[in-house]
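This report describes the overall fold of one protein chain, its division into domains and the setting of a single residue.

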Amino acid sequence: MKKFLPQALTLTLYNREATEYGVCFMTSEDVTCRVEFTDVRDRSFKRAEVTETERSEYKGMLRHSAVCALEGGKSYLWRVTDGERHTDTFKMNTVDPDCRELSFAVFSDSQDRLHLGKWWKTAWQDALTRFPEIKLCLHGGDIVDNGAKHTMWEKVTSHNKGLFTSVPMLPVTGNHDHVTEKDGVLHPYFNIQSPADKEEALVYYSFDAGEVHFTMLSSGDYDYTERHGLKEAQIEWAKRDLASTDKKWKVVLIHTPLYSPGKYGSHPRNSSQPEALRRQLNGVFAEAGVDIVFCGHDHIFSETYPILRDGRADHMSPYVIKKLNGQYYRLAVSPAGPIHVESGCAGNQDRVIECGEGMDEVSAGYFRDIVETPKGCVSYVAVRVKGNVLSANYVLKRVKDGEDVIVRRFGIIK
Ligand SMILES: [Fe+2]
Ligand SMILES: [Fe+2]
């Protein structure tokens, strides 16, 4: 039988409680589709839970979406069918909403005009092999190089089908993922419940998993007046969202960094956004007890000292070295503000430290660690949260032979 090959097939968490999963894809044919999830032993899908997709038009194609309620902490087989043909069978593991230990990967800036996502595979295959306990993938934005081009989404998702169908992907909007103020492109490609006005096509949302609350902010939701920064509605939402959780750990993801030793944090010509974001968010994050802020956009790795409410780096904050699973990690001890981490890049995007006159972030002493991205390399961060420890691995890999170039181990204990 001929296989069903929907375009840009993605799997995400749908709701804040992490009990429902969103599936989304496009077809060029007018077909009625179903999504089927079943127990790993039911290879013939006889006992499958079947959900018919909702259909809408998107750029001359049919967009299909489904929301599937799944049991937590379980392995599932799943597939998509148009009634006659079906896709390959995929395997995924659901998050246990009450888990005591959670591992997730953070990717960013997989955008890649030359290789259309093929380099990303080096990063995610390593992440899922080295850290098989990973249950979720966060993406810090700039997923494809030109978000308005469906062919780029189609190529990047198909080159990384093994990732997009096996681990729920939770993205935030990067500047390449929205074309104009009104033309964002995450909603068409990911089926995620969002409080943001979908007409504006700018995604921000939050979810819980185990002892971690994730707040996902949208760099697409900029104030395009001279004030810059995020729009007021999103800031107010973030305050309410962070105040509404009693989870032990609070993780924020936003595409544009507040602190970066690269050209988008340190060069005066690009400094208006990071400076506006610091004014808007440093107080919010410190007030809410945010532990760690992941960002992308500058395609390098950086880790700040704890950032205090007034935006200064806390150089007096203590660190300890702790052995976890056979490896040594440098952990910040009960920091008084969040650590900001740029997770590097998952595409063909070499980048260096670039400080400019008037806004020299390195000499300002914000950073505990910096790693530039050399040519031919990709990177990711893998995070494990267990009890009072958040431990992270930054892994930089060479694409041509898959060798590790640099591994950094850091985190927080509280
Ligand atoms: Fe980027
Ligand atoms: Fe960017």
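## Fold and domain arrangement

Of the contacts in the protein chain with a separation of 6 or more, 70% join residues 24 or more positions apart; two residues are in contact if their C-beta atoms, placed from the backbone, lie within 7 Å. This is a predicted model, in which local features need pLDDT of at least 70 and side-chain atom pairs count only at pLDDT 80 or more, while totals for chains, interfaces and linings use all residues. Residues are numbered from 1 along each chain as its sequence is written, and chains are lettered from A and ligands numbered from 1 in the order in which they are written.

Buried residues (20 or more other C-beta atoms within 10 Å of their own; exposed, 12 or fewer; partly exposed, in between) make up 50% of the 414 residues.

An automatic or database domain assignment gives two domains, listed below.

| Domain | Residues | Residues in contact with the other domain |
|---|---|---|
| domain 1 | 7-93 | 25 residues |
| domain 2 | 101-413 | 22 residues |

The side of domain 1 that touches domain 2 draws two or more residues from each of β1, β2, β6 (61-69) and β8 (90-93), strands being DSSP runs (E, at least two residues) numbered from the N terminus. Its largest share, 7 residues, comes from β1. The centres of the two domains, taken over C-alpha atoms, are 27 Å apart.

R16 lies in the loop between β1 (7-13) and β2 (20-27). R16 is partly exposed because 18 other C-beta atoms lie within 10 Å. Beyond its neighbours within four places in sequence, R16 is in contact with S206, F207 and D208.

Notes: Helix = DSSP H or I, 4+ residues; strand = E, 2+ residues; numbered from the N terminus.
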